[in-house]
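Reader: Hey, got a minute to walk me through this one? I'd like to start with the ligand.

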Amino acid sequence: MGDAEKLNMPRDVVIGAGVGGLCAAIALALAGRDVTVIEAQTHLGGKIRSLPSDAGPVDTGPTVLTMPDVFETLFARAGAKLADYATLIPQPILARHFWQGGAQLDLFTDTAANADAIGRFAGALAARDYLRFDRLTRAMYDAFNVPMMRAGKPKLGAIALAAAKRPAIWPALLPHMTLTRWLAGQFSDPRLIQLFGRYATYVGGAPQKSPAVLALIWQAEAAGVWAVQGGMAALAAALVRLARERGVQFRCGIAAQHINVQNGRVAAVQLADGSEIMARSVIFNGDPAALTTGLFGQMAQGAVRQSATQPRSLSANVWAFAAQINPDAPDLIHHNVFFGGNPAQDFGAIARGRIARDPTLYICAQDRSSGDTPMTIERFEIIMNAASLQVGIPLNPHETDQCQTEMLTQLSRFNLHFQTPPPRAALTTPQGWETLFPASMGAIYGRSPQSLLAPMLRPTAQTRIKGLYLAGGGVHPGAGVPMAALSGQHAAAAILTAPISL
Ligand SMILES: Cc1cc2nc3c(=O)[nH]c(=O)nc-3n(C[C@H](O)[C@H](O)[C@H](O)COP(=O)(O)OP(=O)(O)OC[C@H]3O[C@@H](n4cnc5c(N)ncnc54)[C@H](O)[C@@H]3O)c2cc1C
């Protein structure tokens, strides 16, 4: 069959080239399927995205790469080596944490090194607290890793069994046990409650409202954090290269507009230019809320329950820019956290949809991933948590200025100053995320994780419509880069094992 004829045959269509879509496309191509990826934007990678700056492209999406084995395994399945496509740089310090008044704490992959550091930071009792916390979160991680995080859908029986075998973690699984409350029982030093509570934000939850079990995210980070040479965009580029080499075709800069369903089964995808691609199956890698809100037509609207996408997770105000900092600024590493003086106030304001005063800020100093200290301009990504548009209202120009003022004022309390402040184009607001990722309401992690049942409520790869599947951070086991990658592979597996319909 010639190439032109082949293009007219029904194929697997992946809508969206986020990490989930790219991994799904690769997995399908490896099984010998014809795959076309449709991407609305001109860049491939979705939230793995960068903005131009005077020092080169600067990441404006994810920066903390954990669980690289997920990618190494996919490349190995393709007979390739991730190391030949992207250079991952292990970070000797997971993150450097700063508090107002000068206190500072580094955390590592090594438990004993952490206990030492915490002992020096907050005393012997705090070090003992940490060791118990580390044991408990390890037990949670071991209980949920395989039946929940790595599985295509949560395996309730296996989860219950795994939890039943570990009585020490039962208090953390009580229905109304929030992360903050549980941490308050683990640590006497409030700064450590604040630090380990922050991990809820990795999946878009506030620690005061999220289930205690999210404490296990610490273990994903404690297993190691990697930077990618050239920024996270280089990881997306590696996936795109592998996909192309394995025969995946891409159409970029054109949105899929409608999913045609015939006799209860997907039949085609209609693009914004009116053209149609016949589909054997479709994987939707955008926010699943785009389906439930009807963006792809009435037929596709019932594919997913609305409760699988609502309420929304947190959003963020994110700056990506290059600047020179003052020579006597705090000693930054790749990942840095500057804590607000009052965490309840931080998330309290966000819960009301307001900009936090005295906010906690995360800074990725992208050019420091190899331990260098640039003496001139360097690239920064700064993240300030924010409410999704479901809770908040789009920032007006005055509030955008206020948001930036809060960020700069907060950093000046830590003696961190930028010679030139970020230009307005450097800031992506919740409204900006909504524009980039339609129907997300600016939420960057899909459905809110703020309920013990949230992992069971998220959509899985399978939808109610035959031939229509989901992949990405809004789908089990999302969110986060490795989780979205896993969800893509689950979607491909669901297609490959689906009964053949005539
Ligand atoms: C600021 C920020 C910081 C983050 N930090 C981290 C971190 O440090 N570590 C981590 O692991 N995770 C982090 N995350 C989360 C992580 O980036 C996401 O969970 C993951 O990248 C989502 O991948 P995805 O597969 O859901 O696709 P997405 O990245 O959501 O991409 C979906 C793609 O689908 C496309 N699309 C949507 N609709 C259509 C349509 N109709 N037609 C064609 N294309 C369409 C979009 O244009 C987009 O390219 C962060 C996210 C953000 C925004």
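Reader: Which element gives the largest share of the shell around the ligand?

Author: Keep in mind that this is a predicted model. The largest share of that shell comes from H2, which gives three residues.

Reader: Ok, and which elements give two or more residues to the shell?

Author: Those are H2, strand S2 (35–39), strand S13 (315–323) and H17.

Reader: How many residues surround the ligand, and which are the closest?

Author: There are 35 around the ligand, and the closest are Gly16, Gly18, Gly20, Gly46 and Gly472.

Reader: How does the shell split by class?

Author: The shell around the ligand has 19 nonpolar, 14 polar and two charged residues.

Reader: Switching topic: which residues touch the most other members in the largest nonpolar core?

Author: That core has 158 residues, and Ala25, Ile26, Met140, Ala215 and Leu239 touch the most other members. Helix H2 (residues 19–30) gives the most to this core, with 10 residues. At least three residues come from each of domain 1 (3–48 + 230–308 + 450–497) and domain 2 (133–214).

Reader: What is Leu239 in contact with, leaving aside its neighbours within four places in sequence?

Author: Leu239 is in contact with Val19, Leu22, Cys23 and Ile26.

Reader: Back to H17. At what angle do the axes of H3 and H17 cross?

Author: Roughly 35 degrees, with the axes of H3 (residues 69–77) and H17 (residues 481–497) coming within 9 Å. Val70, Phe71 and Leu74 of H3 make the contact with Pro482, Ala485, Leu486 and Gln489 of H17.

Reader: How do the residues of that contact divide by class?

Author: Six are nonpolar, one is polar and none is charged.

Technical notes
Residues are numbered from 1 along each chain as its sequence is written. This is a predicted model: local features need pLDDT of at least 70, side-chain atom pairs count only at pLDDT 80 or more; totals for chains, interfaces and linings use all residues. Axes are lines fitted to C-alpha atoms, for helices over the stretch in contact, and angles run from 0 to 180 degrees between N-to-C directions. Helices (H or I, at least four residues) and strands (E, at least two) are DSSP runs, numbered from the N terminus. Two residues are in contact if their C-beta atoms, placed from the backbone, lie within 7 Å. Ala, Val, Leu, Ile, Met, Phe, Trp, Tyr, Cys and Pro count as nonpolar, Asp, Glu, Lys and Arg as charged, and the others, Gly among them, as polar. A nonpolar core is a set of buried Ala, Val, Leu, Ile, Met, Phe, Trp, Tyr and Cys residues joined through C-beta atoms within 7 Å. A residue is buried if 20 or more other C-beta atoms lie within 10 Å of its own, exposed if 12 or fewer, and partly exposed in between; C-beta atoms are placed from the backbone. Domain bounds come from an automatic or database domain assignment. A residue is near a molecule or strand if its C-beta atom, placed from the backbone, lies within 6 Å of it.
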